[in-house]
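Thanks, everyone, for making the time this morning. I would like to walk you through one structure, slowly enough that those of you who are new to this can follow each step.

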Amino acid sequence: MIVRRRWTAAATTAILISAALSHPGTATAAPVADTAPITLAAAETALVRVQLRDQAQLDRLVASGVDLANRPRARDGRILADLVLTGAQLADLTAQGATATQVVQRAGDGSRHFADSVRAARARTVAGLGAPAAGQRTSSTAAAVDTLAVQQAYWWTTGGQTFLQAQVATTATDDPDVEITVSWRTADGATGSFPLYRFEDSGEYQYHYNVPQPVPSRPVQLTATSSLGGVSRAVTPTLWPNAAPPPLPAGYQKDFIDAYLTPVDIQARIKRLARQYRDLVDVIDLPNKTQGYRRNAVAYLGDPAAAAVVVESVRFGDQGMNGVQVRTVDPGRPDRPLTVGYRDRVLTVTLATDAAGKTVSTTDDVAAAVNARQANRFRATVEDGSTGLPMPVAGPVRLDDGLQGTEVPAKPWTVQALRLGVHRDGSRVGVLAYSQEHAREWATPLVTLEFAERMLANARTDPATRELLEQVDVFVIPTVNPDGANYSFNDYNFQRKNLVNHCEGPARDPKYRTSWGVDVNRNYTVGSYFDGYVGASANCLSGNYAGTAELSEAESGNVVALAKAHPNIRFAMNVHSYGGYFMWPPGAYRADGRITLPRPSIDESTLFLGSARRIVGAIAQERGTVTWPSQTGPVADVLYSAAGNSADQLYYELGIFAWDFEVGNDRWNAATGEWEGVGFQPPFDEAHGESQEYAGGLVELVRVARDHAAAEAAAG
Ligand SMILES: [Zn+2]
């Protein structure tokens with residue numbers, strides 16, 4: 001059992017932990033080997049749920065900088081992880097004993113689902129168990145050496161299926177092999193059992209748990225037993241979340257989303273809402289313009305497989321540098337020095353020759369000469385493996401920024417917020433909802449825009465909604481990271497970070513072009529990487545690269561600026577995907593000893609959990625999606641440590657009750673008995689469902705804010 005001790009230690013050194021989670025499997029999972037093996041074409045990139053062979057395999061992956069889309073978790077002593085990888089990488093892993101269990105999303109799925117959604121939108125416009133009662137492990141006569149406490153036992157019914165989830169702690173915290181089994185009984189006498197799995201984080205035992213398990217009907221009793229003989233007291237599972245929002249009034253308007261939305265689409269939507277609801281809306285231009293959908297223009301001079309120099313423009317490609325040519329030439333005469341000249345948009349490097357007229361410049365000579373003599377225009381780096389090699393006569397090659405998007409303006413972008421309310425003067429309690437800090441999470445702006453439009457449209461027709469906008473001042477930033485989003489839509493759909501490339505030297509090689517950028521949600525100042533917290537990286541190619549300094553990026557600065565400029569904001573929701581989580585601070589801990597940021601007070605924790613139950617109930621109202629109790633809680637407890645995230649920033653620095661959604665809950669597959677991940681860019685029907693249910697959650701957050709303000713006022 002080497003799984004436990006080390007996986008988060010590995011995760012802290014890197015890399016690319018984003019917003020998803022896989023889970024220990026269900027007891028009823030079909031063996032993977034019964035189905036055809038999952039493979040990808042060698043060059044294809046996909047998001048795949050993989051069962052890794054062992055911890056060493058995960059360590060190698062992390063060391064290689066793999067895009068790990070979740071916090072790996074144990075399953076029968078093996079590790080289940082969602083990875084963004086190529087077919088070649090998957091084949092390597094499979095050869096080393098890993099097994100792919102689900103292709104969550106293929107690279108092409110994003111653009112296909114986007115195109116499908118636009119087509120569908122256009123068309124609309126035109127048309128107007130009962131697990132067997134397994135023998136329960138009993139301790140017979142041996143004295144128990146551990147004691148079990150049932151920390152959570154919850155049940156709910158969704159889509160006609162009842163689920164049970166339990167979390168149990170043993171006092172034998174240091175014994176990695178202790179096994180815990182839960183036995184349940186329903187009201188009509190059916191019984192069954194399932195195993196729990198040990199969950200450790202950062203080397204610390206937390207508890208045993210499992211993903212929700214199907215049961216035939218309402219469970220009325222649950223007991224846990226351990227392989228060491230411990231037996232818990234019997235408990236009655238509690239209904240989760242056991243909170244429901246007010247029923248929707250007749251004529252309540254919703255469903256304002258009929259396609260995925262690019263940043264350009266979002267900009268247009270913001271403009272339209274401001275025009276349509278003049279009396280209820282302000283548009284706020286946030287202070288920091290982003291870099292824009294732009295990159296430096298670059299080319300390989302020479303053959304990267306043999307000998308080459310990477311030449312890059314200092315300015316962005318759109319600033320007159322796309323198409324500039326670069327070449328090396330043989331002067332055709334002996335004893336010539338190396339020279340560099342730039343004329344008529346052609347950079348010419350004339351190679352040095354010896355007495356016999358043979359060219360003698362190396363790749364290093366050429367790079368150094370370009371950097372010395374054309375520093376204002378060009379940067380040159382020797383390609384990996386080319387150091388010291390003779391520089392060939394090469395080119396001309398054209399520099400290019402490589403960007404595929406043709407409908408995106410190549411200029412700095414103004415990030416916008418909507419402000420909704422009858423009184424937009426700071427006199428009412430403020431709620432902030434913001435989304436798409438991570439570019440590839442395409443469903444998230446659909447959530448916040450559906451929410452905004454619901455509030456506005458119904459304020460005209462529904463007195464209860466009108467009253468909410470009388471009492472609450474609502475701020476919405478639909479896309480925090482438009483540059484990354486443009487790149488995700490047009491170039492590389494798995495892009496998570498922004499588009500600012502802070503890499504230097506060999507890491508600027510264009511072969512790393514899909515790995516550049518800063519993780520906006522690791523760039524804040526509270527509990528940051530720079531403060532020694534876990535879950536961000538100093539590696540510019542890592543998926544959770546923290547940036548060059550706290551708040552080095554325009555995107556994170558904008559969120560802070562909006563919150564600071566409006567001190568009436570007391571509640572915030574940071575919307576991410578995927579996995580189905582509802583979380584609040586603390587969101588980070590130090591590696592050594594797992595010391596989290598300070599825990600909220602008892603009163604505040606009560607508010608966080610009580611509000612969460614209301615909001616989870618509101619989400620479930622739409623299509624029955626229930627966010628699991630095991631995924632409702634502080635970030636650091638239920639997901640992972642995320643150093644320098646924005647919710648911690650808002651809570652600890654500004655005193656805002658700051659939550660996070662991970663929309664896109666796993667879906668239950670009754671045929672396989674597995675929970676399946678939905679991915680970052682699911683088919684539009686799924687994204688649409690997420691937008692509807694989580695918009696309902698945000699409306700409930702507005703009610704929470706209203707009630708909190710009213711209670712404070714009443715208390716004087
Ligand atoms: Zn995210």
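Before anything else, we need one set of terms: a residue is called buried when its relative accessible area is under 20%, exposed when that area is over 50%, and partly exposed in between. Please also keep in mind that what you see is a predicted model, and that the values I quote are computed from it.

Let me use those terms straight away on Ile595, which sits in strand S28, residues 595-596. Its relative accessibility is 49%, so Ile595 counts as partly exposed. If you look for Tyr533, you will find that this residue and Ile595 are 62 positions apart in sequence, while their C-alpha atoms are 9.0 Å apart in space.

Now the overall picture. The chain has 15 helices and 32 strands, and of its 716 residues, 59% count as buried. The accessible surface comes to about 26500 Å², and 51% of that belongs to carbon and sulfur atoms.

Next, please turn to the metal site. Which protein atoms are the donors of the zinc ion? They are ND1 of His438, two OE atoms of Glu441, and ND1 of His576, and they lie 2.0 to 2.5 Å from the ion. Along the sequence, these donor residues follow the spacing H-x2-E-x134-H. Why is the arrangement called irregular? For four donors to count as tetrahedral, all angles would have to lie between 85 and 135 degrees, and here the angles subtended by the 4 donor atoms run from 55 to 141°, which makes the arrangement irregular. As for how covered the donors are, His438 has a relative accessibility of 2% and therefore counts as buried, and Glu441, at 0%, is buried as well.

From the metal we can move on to the cavities. The largest cavity has a volume of about 130 Å³. Its lining is made of 14 residues, and those lying nearest its centre are Asn521, Arg522, Ala642, Asp660 and Glu662. Sorted by character, the lining holds 7 nonpolar, 4 polar and 3 charged residues, and the element that gives the most to it is strand S30, residues 657-665, with 3 residues.

The second largest cavity holds about 70 Å³ of space. Among the residues that line it are Trp413, Thr414, Val415 and Gln416. The most is given by helix H5, residues 263-276, which supplies 4 residues, and this lining divides into 6 nonpolar, 4 polar and no charged residues.

Finally, a few words about the backbone. As a general rule, most residues other than glycine have a negative phi, and most peptide bonds are trans. With that in mind, look at the loop between strand S13 (238-239) and H5, where Pro241 is placed. The peptide bond from Trp240 to Pro241 is cis, with omega near -10°. In that loop between S13 and H5 you will also find Asn242, whose phi is positive, near 55°, and which is exposed, with a relative accessible area of 54%.

Where is the other cis bond I would like to show you? It runs from Gly395 to Pro396, with omega near 5°, and Pro396 is found in the loop between strand S20 (378-382) and strand S21 (397-398). My last residue is Leu551, which lies in the loop between helix H10 (482-490) and helix H11 (554-565). Leu551 has a positive phi of about 55° although it is not a glycine, and at 31% relative accessibility it counts as partly exposed.

Notes
Residues are numbered from 1 along each chain as its sequence is written. This is a predicted model: local features need pLDDT of at least 70, side-chain atom pairs count only at pLDDT 80 or more; totals for chains, interfaces and linings use all residues. Side-chain values use heavy atoms; hydrogens and water are left out. Helices (H or I, at least four residues) and strands (E, at least two) are DSSP runs, numbered from the N terminus. Buried means under 20% relative accessible area, exposed over 50%, partly exposed in between (1.4 Å probe, protein chains only). Accessible areas come from the Shrake-Rupley method with a 1.4 Å probe; for residues, only the protein chains shown count as cover. Donors are N, O and S atoms within 2.8 Å of the metal (3.2 Å for Na, K and Ca); water is not among the atoms, so sites may look incomplete. Four donors count as tetrahedral if all angles lie between 85 and 135 degrees; four count as square planar and six as octahedral if opposite donors are over 155 degrees apart and all others between 65 and 115; anything else is irregular. On a 1 Å grid over the protein atoms alone, a cavity is a set of points where a 1.4 Å probe fits but cannot get out, and a pocket is an open set with protein on both sides within 12 Å along at least five of seven lines; lining residues have an atom within 4 Å of a point. Grid points are joined across faces, edges and corners, and a volume is the space filled by probe spheres set on the points. Ala, Val, Leu, Ile, Met, Phe, Trp, Tyr, Cys and Pro count as nonpolar, Asp, Glu, Lys and Arg as charged, and the others, Gly among them, as polar.
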